[in-house]
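Please read the following report alongside the sequence and the model, which are shown first.

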Amino acid sequence: MWYGSFHTQTVRAILLRDDGTDTGYDLALVTTDLTAAAAGLISRYAWRWSIEVTFGEARDLLGVGQDRNRTQRAVERTVPYGLYCYSITVLWYTLHGHHPNDDADRCDRQPWYVTKSEPAFSDMAAKLRRVIIAARFSPNDQVAPTDADIRTVQQAWAQAGLDAAA
């Protein structure tokens, strides 16, 4: 019995530990699914974990879900918009921002990251901020896009959406 969220509902606990651990457990999973195999529940947890990390990072680093909206339309727009911003940041980093030395540079600046092997979202967001600031204060005057340039990009997006739907 788990008194609290589940009140008197029966739950099952699955305790996991790494092979190298002699005492205690590394992870405890609690489920109301009493019939599923333990391996299936562990697999489901592992699959879901990256989604939960995304929600946590979006909330903590971008403030997704922290808005104080009062109208229903505003509430319906802000969380999806924040998740779009999260997705766009990851896509930008993947396509344009990543450099092979990023992890080594971070480890040099913050030596407690001794085993860091891939960038976190906070690394991606920090690099995007640095690139935006550098572009904004760059001595090169960049020409603003024309209406024709904007329409060309919009048409390409529309065509890409049609191609994906086909």
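## Salt bridges, core and confidence

At 58% relative accessibility, Asp60 counts as exposed, and in this predicted model its side chain meets that of Arg59 in a salt bridge with an N to O distance of 3.5 Å. Arg59, at 40% relative accessibility, counts as partly exposed. This pair belongs to a set of three salt bridges in the structure, which are listed here.

| Salt bridge | N to O distance |
|---|---|
| Asp33 and Arg44 | 3.4 Å |
| Glu52 and Arg48 | 2.7 Å |
| Asp60 and Arg59 | 3.5 Å |

The bridge between Asp33 and Arg44 links distant parts of the chain, since Asp33 sits in the loop between strand 2 (27-31) and helix 1 while Arg44 lies in helix 1, 11 residues apart. Asp33 is partly exposed at 23% relative accessibility, and Arg44 is also partly exposed, with a relative accessible area of 44%. Glu52 and Arg48, by contrast, both lie in helix 1, four residues apart, or about one turn of the helix; Glu52 is partly exposed at 34%, as is Arg48 at 36%.

Turning to the interior, the largest nonpolar core has eight residues, namely Ala58, Val64, Tyr86, Trp92, Tyr93, Phe121, Met124 and Ala125. Helix 2 (72-97) and helix 4 (121-136) each supply at least two residues of this core. Beyond its neighbours within four places in sequence, Phe121 is in contact with Glu57, Leu61, Leu62, Tyr86, Thr89 and Val90.

As to confidence, the mean pLDDT of the chain is 83, with 93% of its residues reaching 70 or more. Among the elements, helix 1 (residues 38-62) has the highest mean pLDDT, 91, and helix 3 (residues 102-109) the lowest, 74.

Notes:
Residues numbered from 1 in each chain as written. Predicted model: local features only at pLDDT ≥ 70, side-chain atom pairs only at ≥ 80, totals over all residues. Heavy atoms only, no water. pLDDT = per-residue confidence, 0-100. Core = buried A, V, L, I, M, F, W, Y, C linked by side-chain atoms within 4.5 Å. Buried < 20%, exposed > 50% of the residue type's maximum accessible area, 1.4 Å probe, protein only. Contact = heavy atoms within 4.5 Å. Salt bridge = Lys/Arg side-chain N within 4 Å of Asp/Glu carboxyl O.
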